Amino acid sequence: MLEHTGLKNVTDLGPLEKVKMVPYYVVPIIVKDNSYEVFLSKGLVRMFNDDTLPSFLKSKLTLAKVSTTYIFPDNEIYTSDVYTCRVDDMHHVGWRASESLYAIAVFQDEMNQLEGRNDTRSKS
């Protein structure tokens, strides 16, 4: 039966439920010095700094930065380049499109947070 595989107890095998893919957005972010311009829709840009940038974006930006092997100069990219992931297995995290432009995958709950919807923080 499965003698060649090295499995000792095939009775432990069973179906594995895979996580269903959920829709996400690819959000362009321009990073310059310690400022972040997050493009949420045409005409809607939110500005952040190191202190105000949400932690989920910080971690995804870090992964995108370290996974990039070639960085295009800002003046050599087109809009289509921004939305083209050139790094294997990074479509659901994000990638670096150029020197200062990143494309980050954002799920609906994260998008709601960025847009200020469902915000549980107290207003002062």
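Strands β2 (residues 35–41) and β3 (residues 44–49) run antiparallel and are joined by six bridges in this predicted model. Within this pair, Asn49 of β3 lies opposite Ser35. The hairpin formed by β2 and β3 has two residues between the strands, and Gly43 adopts a positive phi near 90° there.

The β2–β3 hairpin belongs to an open sheet of five strands, in which the order is β3-β2-β1-β5-β4 and the pairing is antiparallel. The edges of the sheet are formed by β3 and β4 (94–96), each of which pairs on one side only. On average, and with direction ignored, neighbouring strands of the sheet are turned by 25° against each other. Seven bridges connect β1 and β5, again in the antiparallel sense. In this pairing, Val27 has Ile104 of β5 as its bridge partner.

Two helices pack on the sheet. Helix α1 touches β1, β2, β4 and β5, and its direction makes about 130° with that of β5. Helix α3 touches β1, β2, β3 and β5, with its direction at about 115° to that of β5. The contacts of α1 thus include the edge strand β4, whereas those of α3 include the edge strand β3.

The buried residues of α3 (residues 108–115) are Glu110, Met111, Asn112 and Leu114. An α-helix has 3.6 residues a turn, so residues three or four places apart point the same way. Glu110 and Leu114 are both in the buried set of α3, as are Met111 and Asn112. These buried residues pack against β1 (24–32), β2, β3 and β5 (101–107), and also against helix α1. Just after α3, Gly116 takes a positive phi of about 85°.

The loop that follows α1 was examined at one position. Thr68 is located in the loop between α1 (55–67) and α2 (79–82). With a relative accessible area of 14%, Thr68 counts as buried because this value is under 20%. The side chain of Thr68 reaches the backbone oxygen of Ala64 at a distance of 2.7 Å. Thr68 therefore combines a buried position with a side-chain approach to the backbone of Ala64.

Note on methods:
Residues numbered from 1 in each chain as written. Predicted model: local features only at pLDDT ≥ 70, side-chain atom pairs only at ≥ 80, totals over all residues. Heavy atoms only, no water. Helix = DSSP H or I, 4+ residues; strand = E, 2+ residues; numbered from the N terminus. Buried < 20%, exposed > 50% of the residue type's maximum accessible area, 1.4 Å probe, protein only. Polar contact = N/O pair within 3.5 Å; in protein donor to acceptor, adjacent residues only side chain to side chain. Pairing = 2+ DSSP bridges. Contact = heavy atoms within 4.5 Å. Axes fitted to C-alpha atoms, helices over the stretch in contact; angles between N-to-C directions.
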